[in-house]
Amino acid sequence: MVKVLKPKGQVKNVEGRKIVPAEARVKKAIRFDQREESLRTLSQFFLGEMDLKMRMRQMSISSGKEPQEWVAALEILKDNIIKTEHPDLKLKMYQGMVDLLAKVGQKEDLFTIQQIIARYNLKSFKDIGFEKVEIEVARDACPVCRKMAGKKYSIEEAMETMPIPCHDCGTEVDAVKGYCRCRYFAVF
Ligand SMILES: [Zn+2]
Ligand SMILES: [Zn+2]
């Protein structure tokens, strides 16, 4: 007897990606209040509504059209990252940018800033005299990231190959698929 296997659960397309109906995608986008999220991000750094308003006005004047709130919020953070001398605060602001980008589903920019954060961490380990790092994966890491668990690299090697953030990470956070939260630890 021939057993016919019926597909279970979610339907997948030829590339193996989940098919999400268009209307579900739209709903997800509507649920996100970009103004509220932008202000929430800024408030972590004692920045607020007035800063956002002023930046949006500046951007409208220079580009001739009203920018989206989250775009203006990212610009404010970028400026403050340049201005601040404090390394921890810089890192925190980069992380704020990453979290906001996850909310709006900007995967590529999110990945780029995660790389900046990873380099930053590697450099600070090097500056205080470490030579090696180990990867610690997030508790809810995806199968791709899980394979990285406990791997050790010299700092030079890690800077060159950038094993994390994992490019093929499948962890979904907010509107982004591929938010790798693996971290480096300095090895004694
Ligand atoms: Zn992952
Ligand atoms: Zn990862």
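**Notebook: a walk through the helices**

I started at Leu74, which is buried, with 23 other C-beta atoms within 10 Å. I kept in mind from here on that this is a predicted model. Leu74 sits in helix α4. I listed its touching partners, leaving out residues up to four places away in sequence, and found Met97 and Leu100. For Leu100 I also checked the spacing: 26 residues separate it from Leu74 in sequence, while the C-alpha atoms are 8.2 Å apart in space.

**Helix α4**

Next I looked at the helix around Leu74. Helix α4 covers residues 69-83, which is 15 residues. From first C-alpha to last it reaches 21 Å, close to the 21 Å expected at 1.5 Å a residue. Which residues of α4 are buried? I noted Glu69, Trp70, Ala72, Ala73, Leu74, Ile76 and Leu77. I reminded myself that an α-helix has 3.6 residues a turn, so residues three or four places apart point the same way. I then asked what the buried residues of α4 pack against. They pack against α2 (34-43), α3 (49-63) and α5 (87-104).

**The whole chain**

I stepped back for an overview. The protein has eight helices and five strands. Along the sequence the pattern reads α-α-α-α-α-α-β-α-β-α-β-β-β. Of its 188 residues, 25% count as buried. I also looked at contacts between residues at least 6 apart in sequence, and 53% of these join residues at least 24 apart.

**α2 with its neighbours**

Back to the helices. Two packed helices are described by the angle between their axes and the distance between the axes, and I noted both for each pair.

I took α2 and α5 first. Their axes come within 10 Å and cross at roughly 170°. That angle is over 145°, so α2 is roughly antiparallel to α5. On the α2 side the contact uses Gln34, Glu37, Ser38 and Thr41, and on the α5 side Gly96, Asp99, Leu100, Lys103 and Val104. I sorted the residues of this contact by class and got two nonpolar, four polar and three charged. Leu100 was already on my page as a residue that Leu74 touches.

Then I turned to α2 and α3. These pack at an angle of about 115°, with their axes 9 Å apart. The crossing is right-handed. Ser38, Leu39 and Leu42 in α2 meet Glu49, Asp51 and Leu52 in α3. By class I wrote down three nonpolar, one polar and two charged residues for the contact of α2 with α3. Ser38 is in this contact, and Ser38 is also in the contact of α2 with α5.

**α5 with α6**

How do α5 and α6 lie relative to each other, parallel or antiparallel? The axes of α5 and helix α6 (residues 107-127) come within 9 Å and cross at roughly 155°. The two helices are therefore roughly antiparallel. α5 passes α6 in a left-handed crossing. I copied out the contact residues: Pro87, Leu91, Tyr94, Gln95, Met97, Val98, Leu101 and Ala102 come from α5. From α6 come Asp109, Leu110, Ile113, Gln114, Ile116, Ile117, Tyr120 and Ser124. By class, this contact has twelve nonpolar, three polar and one charged residues. Met97 had come up earlier as a residue that Leu74 touches.

I picked out Gln95 for a closer look. Gln95 lies in helix α5. It is partly exposed, with 15 other C-beta atoms within 10 Å. Its C-alpha is separated from that of Gln114 by 7.9 Å, with the two residues 19 apart along the chain.

**Backbone notes from the loops**

I finished with the backbone. Where does Phe46 lie? Phe46 is in the loop between α2 and α3. Its phi is near 60°, a positive value in a residue other than glycine. Phe46 is exposed, with 8 other C-beta atoms within 10 Å.

Met162 went on the page too. Its phi is near 45°, again positive in a residue other than glycine. Met162 is in the loop between α8 and β3. I found it partly exposed, with 16 other C-beta atoms within 10 Å.

My last entry is Pro165, in the loop between α8 (155-161) and β3 (172-173). A cis peptide bond joins Ile164 and Pro165, with omega about 0°.

Technical notes: Residues are numbered from 1 along each chain as its sequence is written. Chains are lettered from A and ligands numbered from 1 in the order in which they are written. This is a predicted model: local features need pLDDT of at least 70, side-chain atom pairs count only at pLDDT 80 or more; totals for chains, interfaces and linings use all residues. Helices (H or I, at least four residues) and strands (E, at least two) are DSSP runs, numbered from the N terminus. The expected span of a helix is 1.5 Å times one less than its number of residues. A residue is buried if 20 or more other C-beta atoms lie within 10 Å of its own, exposed if 12 or fewer, and partly exposed in between; C-beta atoms are placed from the backbone. Two residues are in contact if their C-beta atoms, placed from the backbone, lie within 7 Å. Axes are lines fitted to C-alpha atoms, for helices over the stretch in contact, and angles run from 0 to 180 degrees between N-to-C directions. Angles under 35 degrees count as roughly parallel, over 145 as roughly antiparallel, 65 to 115 as roughly perpendicular and the rest as oblique. A crossing is left-handed if the near helix is turned anticlockwise from the far one by less than a right angle, and right-handed if clockwise. Ala, Val, Leu, Ile, Met, Phe, Trp, Tyr, Cys and Pro count as nonpolar, Asp, Glu, Lys and Arg as charged, and the others, Gly among them, as polar.
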